[in-house]
Amino acid sequence: MNVDHLNQLLLEFSVILLVAVVAVRVSTKSGLPSLLIYLGIGVALGQNGLGISFNNAELTQVLGYAALVVILAEGGLKTNWREARPVMPAATVLATVGVGISVAVTAAGAHYLVGLDWRTSLLLGAIVSSTDAAAVFSVLRTVPLPRRLTGLLEAESGFNDAPVVILVVSFATVGAHDSWYVLLGTIAAELAVGLAIGLAVGKLGAFGVKRVALPSSGLYPIAVMALTVLAYAGGALLHGSGFLAVYVSAVILGNAKLPHGPAVRGFADGLAWIGQIGMFVLLGLLCAPESMGSAVVPALVIGAVLVFLARPLSVVLTLTPFGLPAREQALLSWAGLRGAVPIVLATIPLVSGAPLAQDVFNIVFILVVVFTLLQGPTLPWVAKALRIGEGSMGQDLDIESAPLEKLHGHLLSVALAPDSRMSGVEVSELRLPAGAAVTLVVREGNSFVPDRATVLRGGDELLVVTTDEVGEAAERRLRAVDKGGKLAGWLNGRDG
């Protein structure tokens with residue numbers, strides 16, 4: 001590759017990224033899921049558009065897996081464990097038993113209604129039964145749902161990739177298949193190994209990052225992302241679920257109060273956007289619109305079975321024992337969003353040479369486009385119709401902790417959301433513990449040193465200096481006031 005060729009590639013790549021960034025803004029305003037715009041960019045760049053010829057399914061699969069690792073890591077880093085922990089049992093059952101129910105019902109629909117053989121039907125059922133982490137994480141953060149439901153959906157999308165990948169690889173393999181009990185044993189073993197690797201990397205990584213003073217704050221995001229990739233690689237090499245390992249390790253690291261936490265999450269967020277954009281554009285390039293006409297009707301039939309029968313049935317059968325109300329089950333049924341994951345998984349039979357592999361890819365591609373277009377924009381309306389989500393709280397208070405090792409203290413950078421209940425609170429009413437003080441306020445680009453009577457406003461940024469001994473207590477108090485206002489902890493004496 002010569003320099004001119006490299007420059008041309010960089011120019012094309014930068015143009016695609018700029019167009020994709022504008023697409024994010026368009027999708028936010030219109031309610032149209034951004035993944036459809038990225039897929040459209042890929043199709044427009046393809047052989048039937050600008051003429052780029054691309055048919056490398058194996059490369060698409062490899063890059064798609066890499067993008068999924070980054071997306072799962074970003075989702076895990078932003079998962080609040082205190083809010084997600086109560087729903088983890090329900091999410092785990094929905095991501096395992098629920099996937100099995102969805103595969104069986106969808107496969108039966110494909111076999112009896114479309115006329116596909118059982119092997120292809122089971123393959124299709126497995127491919128489309130996984131909810132997509134990228135779609136769920138991006139759409140749910142624009143919908144004001146109760147946090148337990150958001151946590152359940154995010155945890156499910158982080159967990160269900162693991163069993164689905166095992167099922168897809170098994171059904172796509174040419175030749176004899178293992179017995180069902182062997183397949184279940186394989187899934188259980190891989191999930192156990194992935195969980196163990198994720199826990200080990202997360203715990204040891206958090207311990208190390210907290211105690212190694214890196215020379216630059218920019219190295220902390222790189223170190224954390226490297227640890228999540230290490231979890232994936234370790235899990236995969238030990239024949240476990242790498243996807244589960246990366247998500248579990250990211251959840252642990254994201255809740256470990258690491259130095260420069262907001263910078264870590266911001267870096268992961270940027271990488272996840274690049275991963276989503278690149279993955280969807282590649283998948284759009286890989287599709288051949290002229291060959292998809294015969295797949296439209298099967299895709300619509302199978303998609304209808306999946307969305308209106310298989311998903312609701314899996315939600316009802318797995319979540320009713322946990323006592324979730326019928327309204328919340330209805331919302332969870334509609335919020336099982338598909339995205340790039342099923343299309344990436346549809347490249348597995350293409351690479352392995354399974355029968356009807358191209359037909360399977362075409363059906364999955366059309367199904368994802370049509371039903372994402374149906375479910376994504378209508379999710380806020382469904383939540384409103386079910387009277388779910390009113391009065392939900394705003395964003396968490398954004399606090400970044402920079403350790404001051406030599407001074408045995410911490411500098412907390414606190415960013416108040418516009419709707420923070422800390423707005424209108426005087427500095428003295430924060431009642432920070434002894435050893436902590438607000439030293440600077442930045443408001444609308446101007447900074448000043450506050451006094452005890454200074455009234456805080458939404459959008460302010462605060463610098464709070466604390467000693468090591470009261471650092472965590474000061475942070476707990478700030479979060480309590482952000483949620484409860486000036487009376488937080490006054491009546492019950494607690495700031496939790």
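**Figure 1. Helices H8 and H15 pack at an angle of about 40°, with 11 Å between their axes.** Welcome to this predicted model; we start where these two helices meet. Since angles from 35 up to 65 degrees fall outside the parallel and perpendicular ranges, H8 and H15 are oblique to each other. Their crossing is right-handed. From H8, the contact draws on Arg 148, Leu 149, Leu 152 and Leu 153, while H15 supplies Glu 328, Leu 331 and Leu 332. Sorted by class, the contact of H8 with H15 has 5 nonpolar and 2 charged residues, with no polar ones.

**Figure 2. Helix H5 (residues 88-114) packs against helix H8 (residues 147-159).** Here H8 appears again, now with another partner. The angle between H5 and H8 is about 45°, and their axes lie 8 Å apart. That angle makes H5 oblique to H8. H5 passes H8 in a right-handed crossing. On the H5 side you can find Met 88, Ala 90, Ala 91, Thr 92, Leu 94 and Ala 95, which meet Leu 152, Ala 155, Glu 156 and Phe 159 of H8. In this contact of H5 with H8, 8 residues are nonpolar, 1 is polar and 1 is charged. Leu 152 may look familiar: this H8 residue takes part in the contact with H5 and also in the contact with H15.

**Figure 3. Helix H14 (residues 296-319) meets helix H15 (residues 326-334).** H15, seen in the opening view, returns here. The two helices pack at an angle of about 135°, and their axes are 9 Å apart. H14 and H15 are therefore oblique to each other. Theirs is a right-handed crossing. H14 brings Val 307, Phe 308, Arg 311, Pro 312, Val 315, Val 316 and Leu 319 to the contact, and H15 answers with Gln 329, Leu 332, Ser 333 and Trp 334. The residues of this contact of H14 with H15 divide into 8 nonpolar, 2 polar and 1 charged. Leu 332 of H15 is one to look for twice, as this residue meets H14 and also belongs to the contact with H8.

**Figure 4. Helix H9 (residues 161-172) is mostly covered.** Of the 12 residues in H9, 11 are buried. Try following the buried residues along the helix: Asp 161, Ala 162, Pro 163, Val 164, Val 165, Ile 166, Leu 167 and Val 168, then Ser 170, Phe 171 and Ala 172. From its first C-alpha to its last, H9 reaches 16 Å, close to the 16 Å expected at 1.5 Å a residue.

**Figure 5. Helix H19 (residues 471-484) has the length its residues call for.** At 1.5 Å a residue, its 14 residues should span 20 Å, and the end C-alpha atoms are indeed 20 Å apart, so the two values agree. The buried residues of H19 are Gly 471, Ala 474, Glu 475, Arg 477, Leu 478, Ala 480, Val 481 and Asp 482. Just after H19 comes Gly 485, with a positive phi of about 75°.

**Figure 6. The whole protein holds 19 helices and 5 strands.** Stepping back from the close-ups helps to place them. Of the 496 residues in the protein, 50% are buried. Among contacts between residues at least 6 apart in sequence, 78% join residues at least 24 apart.

Technical notes:
Residues numbered from 1 in each chain as written. Predicted model: local features only at pLDDT ≥ 70, side-chain atom pairs only at ≥ 80, totals over all residues. Heavy atoms only, no water. Helix = DSSP H or I, 4+ residues; strand = E, 2+ residues; numbered from the N terminus. Expected span 1.5 Å × (residues − 1). Buried < 20%, exposed > 50% of the residue type's maximum accessible area, 1.4 Å probe, protein only. Axes fitted to C-alpha atoms, helices over the stretch in contact; angles between N-to-C directions. Parallel < 35°, antiparallel > 145°, perpendicular 65-115°, else oblique. Left-handed = near helix turned anticlockwise from the far one by under 90°. Contact = heavy atoms within 4.5 Å. Nonpolar A, V, L, I, M, F, W, Y, C, P; charged D, E, K, R; others polar.
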